[in-house]
Amino acid sequence: MKKLIAIAIAATFLVGIGISSAIATDAPAGAIKVGNFGEKAVVSFDHAQHADGTCISCHHNEADGKYKCTECHKGEAGEAIKIKDAAHKKEVGKCWGCHNKKSPTVVKALKCKDCHVK
Ligand code: HEC
Ligand code: HEC
Ligand code: HEC
Ligand code: HEC
């Protein structure tokens, strides 16, 4: 009997894990503040305005379940380039490609204050 209960509990637990890993992480609803290391006003980012992109196009470590850019991209470059370059830098910057008017792939040119909201 004890063994049966143990199996039942184990089975329930496994089904639970199966379900939770089958559901992909949801993007946060509404605007969030991107981690900030400098003097410039923090950046407001709304996933709902970026629903066209695949998650991995920005979250390149998605396979490891790591979503927070600033967990790895800090104020200064380390193993990963600094967060400012990850966002801004020509060619590598994830935000620059779509939002800098000088980018060949620009879809919506933005000004500093459109992202760095006080
Ligand atoms: C498309 C959005 C976007 C635009 C437009 C933008 N930035 Fe940023 N910027 C970011 C993101 C994202 C970061 C990284 C997060 C942070 O540090 O706040 C950042 C970081 C920075 C940083 C380093 C962090 C800090 O607080 O000092 C500076 C300086 C900066 N931006 C200046 C500017 C200036 C100046 C402009 C206009 C010429 C500009 N940014 C336009 C998104 C943007
Ligand atoms: C255009 C780029 C971009 C796209 C596309 C994108 N995200 Fe994000 N996401 C971000 C940025 C920037 C942050 C803020 C990271 C930080 O503060 O370090 C963020 C934060 C998150 C966070 C919160 C992390 C935390 O712990 O605070 C989750 C979860 C997340 N994204 C999931 C998703 C999912 C799921 C998708 C696809 C449906 C997606 N994102 C698409 C740029 C993007
Ligand atoms: C688990 C750590 C980690 C997380 C989380 C992470 N990165 Fe990175 N990222 C790195 C490392 C390490 C590199 C440098 C090596 C490489 O290119 O893989 C890098 C490289 C980059 C590059 C340069 C790529 C190129 O083509 O040269 C950009 C841009 C970038 N990351 C943006 C982001 C953004 C935006 C987020 C969040 C949406 C993010 N990263 C989340 C670790 C991370
Ligand atoms: C694949 C292209 C693409 C990338 C990459 C991208 N964006 Fe956007 N972004 C858009 C589009 C398209 C809109 C307009 C959405 C709308 O109007 O509904 C937008 C809207 C915005 C807005 C609102 C602008 C306004 O005032 O109307 C902000 C702020 C913004 N993005 C910040 C960012 C930041 C920060 C990053 C990098 C982490 C980023 N975006 C990366 C395409 C992109």
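**Ligand shells of the chain**

In the predicted model, the shell of residues around ligand 3 is made up of seven nonpolar, five polar and five charged residues. These belong to a set of 17 residues around ligand 3, of which Lys 66, Cys 69, Cys 72, Ala 80 and Ala 86 come nearest.

Ligand 2 is surrounded by 20 residues, and those that come nearest are Ala 27, Gly 53, Cys 55, Cys 58 and Thr 70. By class, the shell around ligand 2 comprises nine nonpolar, eight polar and three charged residues. Among the elements of secondary structure, helix H2, which spans residues 55-58, gives the most to this shell, contributing three residues.

For ligand 1, the surroundings consist of 19 residues, with Gly 38, Lys 40, Ala 87, Cys 112 and Cys 115 coming nearest. Two helices, H3 (83-88) and H5 (112-115), each supply at least two residues of the shell around ligand 1, and H3 gives the most, with four residues. The shell around ligand 1 divides into 10 nonpolar, five polar and four charged residues.

The chain that provides these shells contains five helices and two strands, which follow one another along the sequence in the pattern α-β-β-α-α-α-α. Of the 118 residues in the chain, 5% are buried. Among contacts in the chain with a separation of 6 or more, 21% are accounted for by residues 24 or more positions apart.

Terms used:
Residues are numbered from 1 along each chain as its sequence is written. Chains are lettered from A and ligands numbered from 1 in the order in which they are written. This is a predicted model: local features need pLDDT of at least 70, side-chain atom pairs count only at pLDDT 80 or more; totals for chains, interfaces and linings use all residues. A residue is near a molecule or strand if its C-beta atom, placed from the backbone, lies within 6 Å of it. Ala, Val, Leu, Ile, Met, Phe, Trp, Tyr, Cys and Pro count as nonpolar, Asp, Glu, Lys and Arg as charged, and the others, Gly among them, as polar. A residue is buried if 20 or more other C-beta atoms lie within 10 Å of its own, exposed if 12 or fewer, and partly exposed in between; C-beta atoms are placed from the backbone. Two residues are in contact if their C-beta atoms, placed from the backbone, lie within 7 Å.
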